[in-house]
Amino acid sequence: MEEKYDFKAIEEKWRRHWAHSEIYRSDEEEGAQKKYVLVMFPYPSGPAHIGHVANYNLGDVLARYLKRKGVNVLHPMGWDGFGLPAENAAIREGIHPAKYTGENIALLRNSLERLGYAYDWGRELATCDPEYYRWTQWFFLKFLERDLAYKAQAWANWCPSCLTVLANEQVINGHCERCDTLVIQKALQQWFFRITEYAERLLADMEQLGGWPESVLTMQRNWIGRSEGCEVIFRLADSDKEMPIFTTRPDTLWGVTFFLLAPEHPLVDELTQGTPYESDVAAFHERMRGVSNIERTSMETEKDGVFLGAYVVNPVNGEKVPVWTANFVLMEYGTGAVMAVPAHDQRDFEFARKYGLPIRVVIQPRDGSLEPDEMTEAYVDAGTMVNSAGFDGEDGEAGRKQSVPDLLEEKGWGSRTINYRLRDWLISRQRYWGAPIPIIYCERCGMVPVPEEDLPVLLPEDVRFEFKGPSPLESSDDFRNTACPRCGGEAKRETDTMDTFVDSSWYYIRYASPRFDSAPFDDKAVAYWLPVDQYIGGIEHAILHLLYSRFFTKVLKDLELIDFDEPFANLLCQGMVVMGGAKMSKSKGNVIIPDQFIDSFGADTLRLFILFLGPPEADKEWSESGIEGAHRFLNRVWRLVGRYLDVLTFKTQPVPQDSHALRRIGHITHRTIKKVSEDIERFAFNTAIAAIMEFTNSLYKEIEECADAFNTYEGHEAIRNLILLLAPFAPFITEELWEELGGEFSVHQQHWPEYDTALVKSERIMLVAQINGKVRERIEVDAGISEEEMRRTVLESSRIKQLLEGKTVNKIIVVPGKLVNIVVR
RNA sequence: GCCCGCUUAGCUCAGCAGGUAGAGCACAUCCUCGGUAAGGAUGGGGUCAGCAGUUCGAUUCUGCUAGCGGGCUCCA
């Protein structure tokens with residue numbers, strides 16, 4: 001074989017060979033155990049960056065390992081093709097988004113191919129392909145049929161830079177998830193998916209997600225924000241107008257001393273119009289106008305409000321309490337109206353103190369009693385009900401859960417309800433590069449869904465991307481003007497496109513039958529492959545993509561299109577590759593492109609090095625200094641195999657003299673097989689590689705000491721297994737070395753090595769002798785030594801004897817196969 | 001403010017079930033090679049963040065403290 005490890009030639013050779021041989025193709029095989037390994041598909045933004053490599057390495061090693069274990073593995077790749085950058089490029093550089101996206105896909109695919117990932121490229125898909133988005137539109141129609149899609153006027157998060165609305169989930173700390181611009185509120189007619197309908201199931205089915213990180217489940221649970229409580233109907237004084245509120249603390253109803261409305265609540269203006277309070281309210285609105293929603297409701301912001309001159313009646317005691325509007329009350333949560341109990345709610349407490357409103361204690365702590373004037377903060381803990389008419393003396397918890405809700409329901413003042421923080425999913429986007437919403441507006445027939453057989457509604461070509469109207473699609477007359485499918489008359493198309501998270505909510509199902517064209521997917525293929533057994537991706541999708549996909553899956557199940565509830569059985573969230581602790585991003589100019597490293601060190605080195613940076617879940621600090629180490633390691637493997645082949649060629653002594661060496665070789669081989677297998681199973685790829693490195697070093701030592709030992713069964717096995725174990729991590733070099741060893745193509749189709757339990761155990765062990773827990777001596781003994789022998793061996797050791805002189809032995813503790821501890825006084 | 005995680009060699013991390021502190025990289029010394037981003041051998045280096053408890057024995061278990069990181073944060 002070549003003396004030098006020529007990674008360039010090797011990688012090119014095998015890349016070509018693999019492409020022709022289709023060794024990574026996967027088909028349904030009846031009876032075979034299947035695993036669907038999926039890594040979140042990328043948005044094609046150009047060549048791969050280091051983050052892609054870190055991510056796709058994980059799926060690749062796992063997929064290769066499972067295949068070698070005899071599992072039928074699906075490991076596909078595709079493109080999240082729609083999205084803003086392509087459209088911004090169109091505005092900036094005049095390139096059509098389709099062309100821009102196509103070029104970027106080619107660049108990214110090339111990167112991934114260079115890295116040698118074992119994808120079944122025959123299943124490649126792109127969400128911006130009409131054959132794909134046709135079905136995205138089809139799902140929209142199905143959602144519409146089930147009343148899960150609807151159009152409504154709403155205050156929407158508007159990004160002034162992206163010129164589009166954003167879902168709540170896409171607003172991070174008040175800023176646009178994509179471009180970081182401050183998000184403002186705009187009232188618009190928008191399309192929504194009724195995800196709130198599924199809030200309870202999204203919550204309850206988390207029980208099936210034992211294979212997900214607890215942190216992700218917690219985040220989703222918080223996001224859904226289920227709270228149990230009561231709706232209580234307050235009535236406007238001297239009117240029969242009802243003003244329902246939601247509360248989780250019905251036990252404090254007798255402590256209500258005022259009532260609050262959100263600033264945007266329609267009743268605020270209605271109640272004050274033409275009254276002396278009108279100008280105060282106007283001034284308040286003026287104060288709120290310049291303030292973003294986020295700022296207004298931040299905990300640090302001072303409470304602010306105005307009295308509206310109106311009163312409501314508390315149903316439980318008939319008391320009239322004043323109605324105010326306050327900055328911290330949210331229109332979107334509950335009913336936009338709140339009963340205020342300053343004694344037992346911190347926000348109400350601060351508000352009451354500021355405006356001199358009364359505070360009435362209705363829950364007393366069990367030890368001590370509260371005086372409203374002396375309180376410095378609201379008392380929110382458990383206690384006994386007081387000042388609450390017939391409930392005095394009752395435990396607050398019981399009152400909250402049982403007796404007060406019973407009273408409300410009995411008297412018709414309210415009822416038990418569950419409220420969610422989760423909002424419906426706003427899917428309208430006023431952008432071009434997305435799937436058009438398949439709706440037509442006819443003056444005669446109203447809103448008409450595009451008939452299924454007319455799908456896809458194709459994106460038009462004659463669009464002015466810089467168009468400043470509500471959506472670039474408005475600028476295409478061909479697109480905008482159409483005929484009504486119902487009456488044939490003149491009609492206009494909907495010009496909003498769908499949020500790209502809609503596209504990615506079902507791509508994992510499409511992979512099962514990516515070319516199927518009579519339905520979104522082939523039931524048989526889906527029944528075989530789905531759900532995804534192992535999903536891998538970034539923690540940044542903990543809520544967005546993962547929650548939407550779960551929702552989609554549940555709707556599809558209700559549509560009887562699939563028969564599973566949850567799309568992803570197991571989830572691995574990998575950490576980011578960071579630089580100086582900061583996330584890599586194009587804007588910071590610190591993006592690392594793998595291609596340069598592939599050129600200088602090869603794909604195998606890069607894969608190995610990135611996997612070796614640390615455990616998958618941890619953020620990994622990027623440093624180039626170690627990459628040479630990884631490269632050196634592969635060189636060592638290369639030369640070791642060369643040395644071994646020399647042994648076979650030139651040595652004529654097939655029988656080794658040193659049988660100890662043989663046993664050691666067998667032992668380290670099987671110990672490494674065990675370690676690497678177990679590490680891969682638990683995604684500890686970094687330690688698996690370390691174990692292979694140690695194995696290599698040990699083999700060097702052995703071959704140095706006794707080359708003859710390698711011309712044996714054990715020697716052959718050691719070298720073979722080294723290559724077999726390294727193959728999922730470094731696919732190119734191992735394929736080449738496998739060929740050199742005379743192995744049958746392909747190393748990636750060889751069965752994963754099994755270990756022999758007997759050989760994993762070492763024959764000799766180091767017996768540790770302690771006195772009072774401190775190590776005093778180590779003695780090498782046979783592994784099978786009895787407890788009695790251990791005790792005797794230690795007590796007979798001269799060093800121990802010497803140390804025990806003049807001491808009284810109190811107790812001797814023997815840990816079988818490990819140590820003896822002598823307790824002395 | 002609340003919740004979670006982390007803290008082991010210069011760096012990145014192992015140490016699963018309490019029982020000799022490890023690996024890779026980096027570093028040092030020696031050797032080899034002297035067609036070039038070479039190789040081999042040996043070695044130094046750690047009060048396992050701090051304090052207390054449980055134990056014959058704690059890096060490992062428990063509690064507290066500190067530092068770092070992440071998530072949530074007027075949701076009624």
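Mentor: A residue is called buried when its relative accessible area is under 20%, exposed when over 50% and partly exposed in between, computed with a 1.4 Å probe on protein chains only. This is a predicted model, in which local features need pLDDT of at least 70, side-chain atom pairs count only at pLDDT 80 or more, and totals for chains, interfaces and linings use all residues. Residues are numbered from 1 along each chain as its sequence is written, chains are lettered from A and ligands numbered from 1 in the order in which they are written, and side-chain values use heavy atoms, with hydrogens and water left out.

Trainee: Why is Tyr432 called buried?

Mentor: Its relative accessibility is 1%, and the limit is under 20%, so Tyr432 counts as buried.

Trainee: What makes the pair of Tyr432 and Trp433 stacked?

Mentor: Rings of Phe, Tyr and Trp (its six-membered ring) pair if their centres lie within 6.5 Å, and planes under 30 degrees apart count as stacked, over 60 as edge-to-face and the rest as tilted. The centres of Tyr432 and Trp433 are 6.1 Å apart with planes at 15 degrees, so the pair is stacked.

Trainee: Why, then, is the pair of Trp324 and Tyr355 called tilted?

Mentor: Their ring centres lie 4.9 Å apart, but the planes meet at 45 degrees, so this pair is tilted.

Trainee: How do you know that the charged end of Arg493 sits over the ring of Phe479?

Mentor: The rule asks for NZ of Lys or CZ of Arg within 6 Å of the ring centre and within 35 degrees of the ring normal; the charged end of Arg493 is 5.6 Å from the centre of the Phe479 ring and sits over it.
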